[in-house]
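Q: Please take a close look at one part of this model and the strands around it. Start from the pairing, move on to the side chains, and finish with the surface and the other regions that deserve a glance.

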Amino acid sequence: MSEYFSGNCHHHFFHQAIKRCNPCCDGPTGGQNVRRDDREFGFSHCCPCFCCCCPPFPSCHLPLIVTAVDALTSLPLSGAVLALTKALPGAPAIIETTTFNGTAIFHVAADTQYTLVTQSSPVGYQENSTVYEITVDAECNIFIDGILTNNLIIPYMLLGPDAFGFVASKVNSSTLAPLADAVFLLSAGGSVIQVAFSDFLGQLAFSNLAPGFYQLVEIIAPAGYQLNPTIYSVSVSSDGIVLIDGDPATGFILPNVPNEA
């Protein structure tokens with residue numbers, strides 16, 4: 001059987017493998033040119049040649065691990081339905097549901113960008129509308145919102161008849177890079193209601209809040225940063241609208257200034 005070869009394949013994984021093009025492909029592309037976005041069928045970027053059979057685009061050995069937790073207790077939650085979608089027009093979503101230990105595992109491809117969203121929160125919990133940007137580089141390093149890690153923790157706030165919550169963002173005041181290990185105290189009428197710690201994505205979650213007015217203050221700054229002295233006013237309406245100083249509480253920026261060298 002004669003073979004066809006074109007030297008115009010550009011993807012480095014193709015260069016690292018045996019370059020072979022057959023007149024007849026066994027794969028689902030069925031004799032058509034293979035495009036880079038056909039990775040779900042096991043093909044990587046290929047040159048336009050007759051029925052070009054490319055080596056499989058490698059799946060990274062390190063998966064993306066997503067854990068759903070209760071925002072207040074950090075206990076794992078099952079039943080969160082998550083959707084991972086390649087950043088390509090019309091790309092189908094990969095759907096996974098968190099198991100009894102709160103985790104869902106996604107196998108990702110190198111040199112690919114994705115978005116991750118919650119399609120359905122665990123039963124009894126509020127919807128989480130956060131969109132996470134997942135980038136996998138050519139060496140299979142996984143970045144979540146620009147941070148090198150393959151573990152993502154998504155907090156969910158309890159849904160009660162009169163209970164609401166929010167997730168604010170703790171960041172560097174200049175670069176807006178997320179900051180972990182800040183400690184905030186939420187109080188009302190002089191009584192402590194909740195204490196929350198920012199995670200590695202800078203997420204600071206409060207949940208199960210009754211309608212009313214609260215004060216939010218930082219009591220421990222991230223290492224290397226000055227304490228934020230601002231006392232923020234938090235309002236929770238009876239219909240679930242949560243505001244910080246009059247702006248939507250979820251995603252509200254809580255900045256820290258770095259210590260002077």
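A: The account below starts with one strand and works outward. The model is predicted. The strand to begin with is β10, residues 164-172. Of its 9 residues, 8 are buried. It is therefore largely enclosed by the rest of the structure.

Which strands pair with β10? One is β13, residues 203-209. The two are antiparallel and share 5 bridges. Two positions show the register. A168 has L204 of β13 as its bridge partner. S169 stands opposite Q203 of β13. The other is β18, residues 253-256. Here the strands run parallel, and 4 bridges join them. V171 has P255 of β18 as its bridge partner.

Put together, these strands make an open sheet of 3 strands in the order β13-β10-β18. Its pairing is mixed. β13 and β18 stand at the edges, and each has a single partner strand, so one side of each lacks a neighbour in the sheet. Neighbouring strands of this sheet are turned by 25 degrees against each other on average, direction ignored.

As a rule for regular strands, side chains alternate between the two faces of the sheet.

Now the side chains. Where does the salt bridge partner of K170 sit? The partner is E218, and the two side chains meet at 2.8 Å, N to O. E218 lies in strand β14 and K170 in strand β10, so the pair ties together parts that are 48 residues apart in sequence. The salt bridge count for the model comes to 1.

Is this pair buried or exposed? Both E218 and K170 are buried. For E218 the relative accessibility is 3%. The cut-off for buried is under 20%, so E218 counts as buried.

E218 has further company. Its side chain makes a polar contact with the side chain of N256, at 2.9 Å. The link between E218 and K170 also counts as a polar contact, at 2.8 Å. So what does the E218 side chain touch? Its polar contacts include K170 and N256. The range of β18 runs from 253 to 256, while K170 belongs to β10.

Next, the strand that carries E218. β14 spans residues 212-220, and E218 has its place there. On one hand, β14 pairs with β11, residues 183-188. That pairing is antiparallel, with 5 bridges. S187 has Q215 of β14 as its bridge partner. On the other hand, β14 pairs with β15, residues 231-236. That pairing is antiparallel too, with 6 bridges. Q215 stands opposite S233 of β15. Q215 thus faces a partner in each of these strands: S187 in the β11 pairing and S233 in the β15 pairing.

β14 also reaches the surface. I220 has its place in this strand. I220 is partly exposed, with a relative accessibility of 45%. Together with V192, V195, F197 and I219, I220 forms a nonpolar patch on the surface. The accessible area of the patch is about 470 Å². Which strands feed it? β12 (191-197) and β14 (212-220) each supply at least two of its residues. β12 gives the largest share, 3 residues. β14 therefore holds both the buried E218, at 3% relative accessibility, and the partly exposed I220, at 45%.

Two other places round out the picture. The first is another open sheet of 3 strands, in the order β4-β1-β9, with mixed pairing. β4 (103-106) and β9 (151-156) stand at its edges, each with a single partner strand, so one side of each is left without a neighbour in the sheet. The twist averages 20 degrees from one strand to the next. β1, residues 64-70, runs antiparallel to β4, and 4 bridges join the two. Among the pairs, T67 has T103 of β4 as its bridge partner.

The second is a loop position. V123 is found in the loop between β5 (112-120) and β6 (132-136). Its relative accessible area is 81%, and V123 is exposed. V123 and S78 are 45 residues apart in sequence, and their C-alpha atoms are 8.7 Å apart in space.

Methods. Residues are numbered from 1 along each chain as its sequence is written. This is a predicted model: local features need pLDDT of at least 70, side-chain atom pairs count only at pLDDT 80 or more; totals for chains, interfaces and linings use all residues. Side-chain values use heavy atoms; hydrogens and water are left out. Buried means under 20% relative accessible area, exposed over 50%, partly exposed in between (1.4 Å probe, protein chains only). Two strands pair if DSSP finds at least two bridges between them. Patches are made of residues with over 30% relative accessible area and no salt bridge: like charges are joined within 9 Å, nonpolar side chains (Val, Leu, Ile, Met, Phe, Trp, Tyr) within 5 Å. Accessible areas come from the Shrake-Rupley method with a 1.4 Å probe; for residues, only the protein chains shown count as cover. A salt bridge is a side-chain nitrogen of Lys or Arg within 4 Å of a carboxyl oxygen of Asp or Glu. Axes are lines fitted to C-alpha atoms, for helices over the stretch in contact, and angles run from 0 to 180 degrees between N-to-C directions. A polar contact is a pair of N or O atoms within 3.5 Å; within protein, one must be able to donate a hydrogen and the other to accept it, and residues adjacent in sequence count only if both atoms are side-chain atoms.
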